[in-house]
Amino acid sequence: MIDICEVSPRDGLQNEKKLLSAETKVELITKLIDAGITHIEVTSFVNPKVIPQMADAEDVLMLLPKKENIRYAGLILSRSGLERALRTDINYLHTAVMASDTFNFRNAKRTTDENVRELEKIIQDSIQANIDVTAVIGTAFGCPFEGKVPLLRVLKTTEKLLHAGCSEIILADTTGVANPRQVQNTVRTFYDIFGKSVKLGLHFHNTRGLGLANILAGYQAGVTRFDSSIAGLGGCPFAPQAVGNVCTEDMVNMFHSMDIQTNTNLEKLIDSAKWIEKQMNRTLNGMLMKSGITKY
């Protein structure tokens with residue numbers, strides 16, 4: 001069974017010039033839930049001057065349907081973000097750090113290790129408030145500024161975040177430079193060191209057309225938890241040429257064609273993709289929404 005974390009309401013929209021209302025975001029999330037998605041990154045608690053697309057985090061959370069089986073995640077990057085999050089009824093939190101010093105400094109004005117030291121206390125305080133934290137390690141497969149990122153560096157960062165109390169680690173290919181062999185080697189090494197009891201997820205961008213190939217490589221190496229974004233929405237405002245995330249409906253189609261279950265309704269996902277494309281008023285990257293479903 002594949003565990004999908006749908007990231008379009010946050011990662012998908014944070015780089016879009018068009019700002020959607022809280023009501024429209026909630027309508028998107030409701031459509032995704034109706035299609036069978038139960039794990040959704042809905043917003044981020046970040047400086048609205050830096051990411052104005054997420055300025056309405058509290059409004060979105062107030063409007064969301066409350067269902068026991070739905071997990072809503074919010075991204076925090078700082079103490080102020082945690083304080084905002086704790087004033088809401090968010091289910092659990094994501095936090096993020098870049099494995100590359102150069103990228104992390106451009107993003108957060110800190111080196112990776114400095115950033116991790118700050119996050120450790122934030123993670124512990126969140127857990128103390130009974131809210132689990134998933135840590136996303138960006139540029140885990142390469143950096144647009146430094147090139148290759150040593151796997152040992154990624155693993156050492158993972159160790160620190162797990163020690164701080166994170167319940168799950170996501171390795172993210174922030175600018176879409178990973179390749180399938182690299183993904184398999186990374187996943188196998190991760191499991192060799194930390195064991196399969198540690199929850200591991202993968203997050204890919206489709207910058208060079210290898211998003212689905214990398215997901216398949218991760219799956220074949222033992223991962224069943226993947227981030228994706230409806231219609232391929234997404235990009236990173238701090239990463240040059242980071243185009244859309246892996247497309248949810250395209251990924252689901254791949255797994256369904258392999259008789260691997262996702263507990264989602266593919267037709268409803270395609271309808272959601274077409275709907276959000278109209279809201280954004282531009283052509284989005286999803287392939288299946290253009291070609292239609294093939295019966296296997």
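Helices (H or I, at least four residues) and strands (E, at least two) are taken here as DSSP runs, numbered from the N terminus. The structure is a predicted model, so local features need pLDDT of at least 70, side-chain atom pairs count only at pLDDT 80 or more, and totals for chains, interfaces and linings use all residues. Residues are numbered from 1 along each chain as its sequence is written, and side-chain values use heavy atoms, with hydrogens and water left out.

First, the overall picture. The protein has 12 helices and eight strands. Its C-alpha trace spans about 45 × 40 × 35 Å along the principal axes. The radius of gyration, taken over C-alpha atoms, can be held up against a globule rule of 2.2 Å times the number of residues to the power 0.38. For 296 residues, a compact globule would come out near 19 Å, and the protein has 18 Å, which agrees.

Next comes the matter of inside and outside. A residue is called buried under 20% relative accessible area, exposed over 50%, and partly exposed in between (1.4 Å probe, protein chains only). By that yardstick, 55% of the 296 residues are buried. Accessible areas come from the Shrake-Rupley method with a 1.4 Å probe, and for residues only the protein chains shown count as cover. The accessible surface adds up to about 13,000 Å², with 48% of it belonging to carbon and sulfur atoms.

Contact means heavy atoms within 4.5 Å. Among contacts with a separation of 6 or more, 73% come from residues 24 or more positions apart. As for charge, Lys and Arg count as positive and Asp and Glu as negative, while His and the chain ends are not counted. Each charge is placed at NZ of Lys, CZ of Arg, CG of Asp or CD of Glu. The count gives 33 positive and 33 negative side chains, and the centres of the two sets lie 4 Å apart.

Two helices can be looked at in detail. The expected span of a helix is 1.5 Å times one less than its number of residues. Helix α2 (residues 22-34) has 13 residues and should span 18 Å at 1.5 Å a residue; its end C-alpha atoms are 18 Å apart, so the two agree. Its buried residues are Ala22, Thr24, Lys25, Val26, Leu28, Ile29, Leu32 and Ile33. These pack against β1 (3-6), α1, β2 (39-45), α3 (57-63), β3 (71-76) and α11 (266-280). Just past the end of α2, Gly36 takes a positive phi of about 105°.

Helix α7 (residues 151-164) has 14 residues and reaches 20 Å from first C-alpha to last, close to the 20 Å expected. Val154, Leu155, Thr157, Thr158, Leu161 and Ala164 are its buried residues. Their cover includes β4 (92-98), α6 (112-128), β5 (133-138), β6 (168-173) and α8 (180-194). Right after α7 sits Gly165, with a positive phi of about 120°.

Now for a few single residues. Ile230 sits in the loop between β8 (225-228) and α10 (248-257). Ile230 counts as buried because its relative accessibility is 0%. In sequence Ile230 and Gly12 are 218 residues apart, but in space they are 8.0 Å apart, C-alpha to C-alpha. Leaving out residues up to four places away in sequence, Ile230 touches several residues, among them Glu6, Ser8, Leu28, Leu32 and Ile276.

Ser8, one of those partners, belongs to helix α1 (residues 8-12). With a relative accessible area of 0%, Ser8 is buried too. Beyond its neighbours within four places in sequence, Ser8 is in contact with residues including Leu28 and Leu32, both of which are buried residues of α2.

Asn285 is found in the loop between α11 and α12 (288-291). Asn285 is partly exposed, with a relative accessible area of 46%. Asn285 and Ala231 are 54 residues apart in sequence and 6.0 Å apart in space, C-alpha to C-alpha. Outside the four places on either side in sequence, Asn285 touches Ala231, Gly232, Gly244 and Lys290.

Finally, some backbone angles. Most residues other than glycine have a negative phi. Thr139, in the loop between β5 and α7, has a positive phi near 50°, and Asp259, in the loop between α10 and α11, has one near 60°. Thr139 is buried, at 0% relative accessible area, whereas Asp259 is exposed, at 69%.
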